[in-house]
Amino acid sequence: PLQDIAPVCGVMTSPVLLLATSATPVIDFKGLLAAAKAQPGALRWASSGAASLGHVMLEQLQAGAQIHFTHIPYKGGGPQITDALSAQFELLSVNSSAAVLQHIQAGKLRALAIGSPTRLASLPQVPTLAECGFAAANLSSQFGIFAPAGTPAAVLERWNTEIQAVLNLPALRERLSAAECLPLKTSVAEFSRSVAQEWEAMGRIVKSARIVGES
């Protein structure tokens, strides 16, 4: 719950990639919709976990396109990617990373669409879900640093300043760029507002889709 944490600083935003594995011949988003409509539930979509952002993306796409996938929730991205590379399912939603982008470039995974404000420099041919007509599913992850509730404001401000200094280091920015992640620069107040807004927005989606997280 929000009352248990104190936002400190935003760190980065990360696109969510909608990918196909070699278990399906689908090569683009249009083909994905056609396949899902032809065989409801036949396409298995793996996320990093129940109620994860990738799961929310799935639910939003299902609702918007009036289609159905079989959701496979993993417990983290590592096992999910391992099974994707061995074609244990047809689709997956996963945060962008240098390793995932390398698998795409090598042809081991196929990018169908992305959750991002704009197309990615490394995948210029891949449309955003908003471009595909599904703005509600066009979701990207925001990562940040939090402290326990009740942490003195002066401490939060000092940590914010120190974290922003690290985020400005060229070596770190280069690593984030290689993963198509965007560094954030937020004050404590700005990050607090952003977290509250996302909590409310995601809460509405979770309730509407009746998403239940793992206990």
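**Exercise 1. Cysteines**

Is C132 buried, partly exposed or exposed? Then work out how many disulfides there are, and why C9 has no bonded partner.

*Solution.* A reminder before we start: this is a predicted model.

Step 1. C132 has 23% relative accessibility, so it counts as partly exposed.

Step 2. Now try C9. Its relative accessibility is 0%, so C9 counts as buried.

Step 3. Look for a partner for C9. The closest cysteine sulfur belongs to C181, and it sits 15 Å from the sulfur of C9, which is too far for a bond. A disulfide needs the two sulfur atoms within 2.5 Å.

Step 4. Count up: there are 0 disulfides.

**Exercise 2. A pair of rings**

Find out how the rings of Y74 and F89 are arranged, and where the two residues sit in the chain.

*Solution.* Step 1. The model has 4 aromatic pairs. For Y74 and F89, the ring centres are 5.7 Å apart and the planes meet at 65°. Planes over 60 degrees apart count as edge-to-face, so that's what this pair is.

Step 2. Place them in the chain. Y74 belongs to the loop between β3 (70–73) and α3 (77–85), while F89 is in the loop between α3 and β4 (91–95). The two are 15 residues apart, so the pair links distant parts of the chain.

Step 3. Check their surroundings: Y74 and F89 are both buried.

**Exercise 3. The nonpolar cores**

Which residues of the largest nonpolar core touch the most other members, and which element gives the most to this core?

*Solution.* Step 1. Here's the general idea: in soluble globular proteins, nonpolar side chains tend to be buried together.

Step 2. The largest core has 28 residues, and the ones touching the most other members are L18, F29, L32, W45, L61, F69 and L91.

Step 3. Who contributes? At least two residues each come from β1 (5–20), α1 (29–38), α2 (53–65), β5 (110–115) and α7 (188–209). The top supplier is α2, with 6 residues.

Step 4. Zoom in on L32. Skipping neighbours within four places in sequence, L32 is in contact with L18, V26, L43, F69, L91 and L112.

Step 5. Don't stop there: apart from this core lies another one, of 18 residues, including A46, F89, I104 and V126.

**Exercise 4. Helix α5, end to end and side to side**

Check the span of α5, then work out where its buried residues point.

*Solution.* Step 1. Helix α5 covers residues 153–167, 15 residues in total. At 1.5 Å a residue it should span 21 Å, and its end C-alpha atoms are indeed 21 Å apart, so the two values agree. (The expected span uses one less than the number of residues.)

Step 2. List the buried residues of α5: L156, N160, I163, Q164 and L167. They cover an arc of only 100° around the axis, so they are on the same side of α5.

Step 3. Turn to the face pointing away from that buried side. There you'll find the exposed residues A154 and T161.

Step 4. What covers the buried residues? The cover includes β1, β6 (140–148), α6 (170–178) and α7.

Step 5. Take Q164 as an example. With 15% relative accessibility, Q164 counts as buried. Beyond its neighbours within four places in sequence, Q164 is in contact with C9, K185, T186 and S187.

**Exercise 5. Helix α3**

Repeat the exercise for α3: which residues are buried, and what do they pack against?

*Solution.* Step 1. Q80, I81 and A84 are the buried residues of α3. Their arc around the axis is only 95°, so they are on the same side of α3.

Step 2. These buried residues pack against β2 (44–47), β4 and α4 (98–105).

**Exercise 6. Positive phi**

Where are A51 and E180 found, and how accessible are A51 and E180?

*Solution.* Step 1. Know what to expect: most residues other than glycine have a negative phi.

Step 2. A51 has a positive phi, near 75°. It is found in the loop between β2 and α2, and its 35% relative accessibility makes A51 partly exposed.

Step 3. E180 also has a positive phi, near 60°. This residue is found in the loop between α6 and β7 (182–183), and at 18% relative accessibility E180 counts as buried.

Step 4. Add A87, which follows α3 and has a positive phi near 60°.

Terms used: Residues are numbered from 1 along each chain as its sequence is written. This is a predicted model: local features need pLDDT of at least 70, side-chain atom pairs count only at pLDDT 80 or more; totals for chains, interfaces and linings use all residues. Side-chain values use heavy atoms; hydrogens and water are left out. Buried means under 20% relative accessible area, exposed over 50%, partly exposed in between (1.4 Å probe, protein chains only). Rings of Phe, Tyr and Trp (its six-membered ring) pair if their centres lie within 6.5 Å; planes under 30 degrees apart count as stacked, over 60 as edge-to-face and the rest as tilted. Helices (H or I, at least four residues) and strands (E, at least two) are DSSP runs, numbered from the N terminus. A nonpolar core is a set of buried Ala, Val, Leu, Ile, Met, Phe, Trp, Tyr and Cys residues joined through side-chain atoms within 4.5 Å. Contact means heavy atoms within 4.5 Å. The arc is that of the directions from the helix axis to the C-beta atoms.
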